[in-house]
Amino acid sequence: MKKTGLRSRLTSYGDEGFAQYLRTAFLKSAGYDDGILDRPIVGIASTASDFNPCHATVPKLVEAVSRGVRDAGAVPFVFHTVSLHEAFIHPSTMILRNLMAMDTEELLKRQPIDAAVLIGGCDKTVPAQIMGAISADMPAVMLVVGPTVTGRFENERLGACSDCRRLWAAHRAGEIDDRQLADAHGRLVSSHGTCTIMGTASTMAAMAETLGLMLTGGTSIPAVHSERLRHAEAAGRRAAEMAIAGGPRPSEIVTAASLRNAATVLQALGGSTNCIVHLSAIAGRLGIPLDLAEVDRIGRETPVLIDVKPVGKNYMEDFHGAGGLPALMKRLGDRLDLAAPTVMGCTLGEALAGTPDWVDDRIIRPIADPIQAGEALCILRGSLAPDGAVIKRAAATDALMRHRGPAMVFDTIAVLMARIDDPDLPVTKDHVLVLRNAGPVGAPGMPEAGGIPIPKKLARAGVRDMVRISDARMSGTASGSIVLHVSPEAAVGGPLALVRDGDLIEMDVPARRLDLLVAADELARRRAAWTPAPRAARGYEKLYVDHVLQADRGCDFDFLQAESPPNPGQPA
C-alpha cells in the first residue's frame, strides 16, 4: 500500500522504523501528536520575500489557504522556495526561472506532501512553479497574489508598469520635467500585488487558469481585495480534496488541448510576448513541443478582445469588474476546447458554466467589435531569424509593419547604454536598431532589454517608435515595433551575430518575414571570422549557459525536458 502524509518519503537511514520514530520526535517538538500521521498533508509553497514587494500579501494568503486545508480535513505545511521579483534580480529573473522550477520540483518530490498550493505572482514565479509541478507530477493548485489597484496623479489613473514606461519615455523626450516625474513616482504602484496591466504576471496568471491549474476566476482578483483571501481559502480546500483523492495530477490536466486553449487566450488578451517562451518551456516538460507556427495561425484567427493596457487603455481591476477571464473564455466559445480537464475535477466548459453570465462589453469586447481583428502576437522567420522571432503586433505601429532600413548595431547591453543617447550617434528614424548578445547565453539570462529606448535626440524631435530587433526579451508592460527572441541568438552564432552597421534589414510582418539583405558570400566571410565570447567557468551560471535551450524551445534546461534532444549551440 502506498504511504501517504507524514509516513511517506522517509529520510534514508537504512531503517524505516527509526526514520519514522525520529521524524515523529521532531513533530512532537512542534506540538503535533501522533494523530497527524494519519492525515493527508498539503504543502503550501510560499514565495514571501523582502526582495519581492509584489508578494507582500503572501503571509495572509498562506493563512487563508491553511484555513481551507484544515476545513477539508488535511494538514497544511508551509515551505519556502526561491522567490523572484523583476526589479531585484541581476541581470534578469529569467536566469533564475529554471533554478526556481528545480527548487519547486525537488521540494515537492522529496518532502512528505500529498498535494500542494503554489503561491506565485511576479513574472517568472508562475511559470517556474508550473514547470516544477509538472515535473514532480504532484496534485497542485496554482494561486497568484493578484494585481495591484491603480493610483491617481493629477487628472489620470496610473498603474505599473506601462505607465512607468510611458512617463519615463515622456521624460526622456523632454515632455515632463524632473518634478512631474517625481510627483507621479509614488502613485505608480499604489498597493501590494503584481503589475495592474496585461503584462507578464497577469498574462501568466491567465495562462495558469486557462491550462486548468487554477480555480476559475482567480486571474484578476486584485491583491488587496477580500475576494482574493476567499479564493485562497477555496484553493486550500480543493488541494486538500486532491490530497485525499490522489489527483488529478498536472500531467492529467496540462495537455495538447489545454496548451492550444492557452495560445488562444494569449492572443485574445493581446498578452505578453514572454508567455510564448514560458508556454514552450511548460510544453517541453510534457514532451509536447509548442508549435510556433500554430501559435501564429491561432493569432491570425483570434481577435483581441481585452481593452487593457498596454494594448488598450484600462487596467486589471477593470477587467476583473467586467467579468474577468471566465467572461473572456465564454466569449471565445467554441474557439476553445471546453472538454479540457481542470484542477477542479471537471471540464473547462463545466467550470465556466458555473460562473456569472454578465460581462461589460466596454472592457471585454464582443467578437464582432474587437480591439483588433487579430494578429496580437506574430511569429517572424527569415534569414535573420531561422528559428523564429516574435513581435507584439497589437502594441506596434501600423506604418512600421513593412519596413526596410539600415542597421544600427549595439553589441551588448553595456554598449547600448553607453551609446544610445550620444548626440553624435549617426541614427535616423528609418534605422533599425539591433541589440545582440542579450539572449539566453549571451547576457546571460535573456533580460528584458529588447525594448531599446528611442535615441534621446530622436525622441526630443518627436519620434515615438522605430523598428527594434534583439535576441533579448521585452517587458509585457511595454509597447512598440519591437522584434524579440531572435533565434538562434548571436552568442551561439545565429545570423544576428553577423549584422554590421548599415546592413539593410527588411521586416514584413504581414508576410511573417525578417531578413538580412546581405549576400551569402559576404555572410560566409563574416561567419568564418566570428568567434564566440568566453562563457562562465563555474557555478550555476556555468550550468545555465551550458544547458539552456534557445527561446523557441522555452529557455529551459535541456536535461529538464521530457525528452532531451540535442541542444544546438551548446558544448557536447
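1. A residue counts as partly exposed when its relative accessible area falls between the buried class, under 20%, and the exposed class, over 50%. R9 is a handy case to start with in this predicted model: its relative accessibility is 35%, so R9 is partly exposed. R9 sits in the segment before α1 (16-29), and its phi is near 50 degrees, a positive value in a residue other than glycine.

2. C555 makes a nice companion to R9. Phi of C555 is near 55 degrees, again positive in a residue that is not glycine. C555 belongs to the segment after α19 (539-547). Is C555 buried or exposed? With a relative accessible area of 1%, C555 is buried. As background for your backbone checks, most residues other than glycine have a negative phi, and most peptide bonds are trans.

3. Two cis peptide bonds are worth a look while you are on the backbone. One joins H90 and P91, with omega about -10 degrees, and P91 lies in the loop between β2 (75-80) and α3. Another runs from K309 to P310, with omega near 5 degrees; P310 is in the loop between α12 (292-301) and α13 (316-321).

4. Next, a helix pair. Helix α3 (residues 94-110) packs with helix α11 (residues 274-285) at an angle of about 35 degrees, and their axes are 13 Å apart. The crossing of α3 past α11 is right-handed. On the α3 side the contact is made by M94, R97, A101 and E105, and on the α11 side by V277, H278, A281 and R285. Sorted by type, the residues of this contact are four nonpolar, one polar and three charged.

5. Now the interior. The largest nonpolar core has 95 residues, and those touching the most other members are I119, M207, V265, L269, F319, L328 and I364. Which residues does L328 touch, not counting those up to four places away in sequence? They are V265, A268, L269, L305, I306 and I364. There is also a second, separate core of 29 residues, whose members include I469, L496, A497 and L498.

6. On cysteines, the structure holds zero disulfides. Why is C161 without such a bond? Its closest cysteine sulfur, in C164, is 3.6 Å away, which is too far for a bond, given that a disulfide needs the two sulfur atoms within 2.5 Å. C161 is partly exposed, because its relative accessibility is 24%. C378 is in no disulfide either, and the nearest cysteine sulfur, that of C275, is 16 Å from the sulfur of C378. C378 has 0% relative accessibility and is therefore buried.

7. Last, I244, which is placed in helix α8 (residues 226-245). Its relative accessible area is 54%, so I244 counts as exposed. Leaving aside neighbours within four places in sequence, I244 is in contact with P40 and A72. If you would like a long span to try out in your viewer, I244 and L425 are 181 residues apart along the chain, and their C-alpha atoms are separated by 65 Å.

Conventions: Residues are numbered from 1 along each chain as its sequence is written. This is a predicted model: local features need pLDDT of at least 70, side-chain atom pairs count only at pLDDT 80 or more; totals for chains, interfaces and linings use all residues. Side-chain values use heavy atoms; hydrogens and water are left out. Axes are lines fitted to C-alpha atoms, for helices over the stretch in contact, and angles run from 0 to 180 degrees between N-to-C directions. Helices (H or I, at least four residues) and strands (E, at least two) are DSSP runs, numbered from the N terminus. A crossing is left-handed if the near helix is turned anticlockwise from the far one by less than a right angle, and right-handed if clockwise. Contact means heavy atoms within 4.5 Å. Ala, Val, Leu, Ile, Met, Phe, Trp, Tyr, Cys and Pro count as nonpolar, Asp, Glu, Lys and Arg as charged, and the others, Gly among them, as polar. A nonpolar core is a set of buried Ala, Val, Leu, Ile, Met, Phe, Trp, Tyr and Cys residues joined through side-chain atoms within 4.5 Å. Buried means under 20% relative accessible area, exposed over 50%, partly exposed in between (1.4 Å probe, protein chains only).
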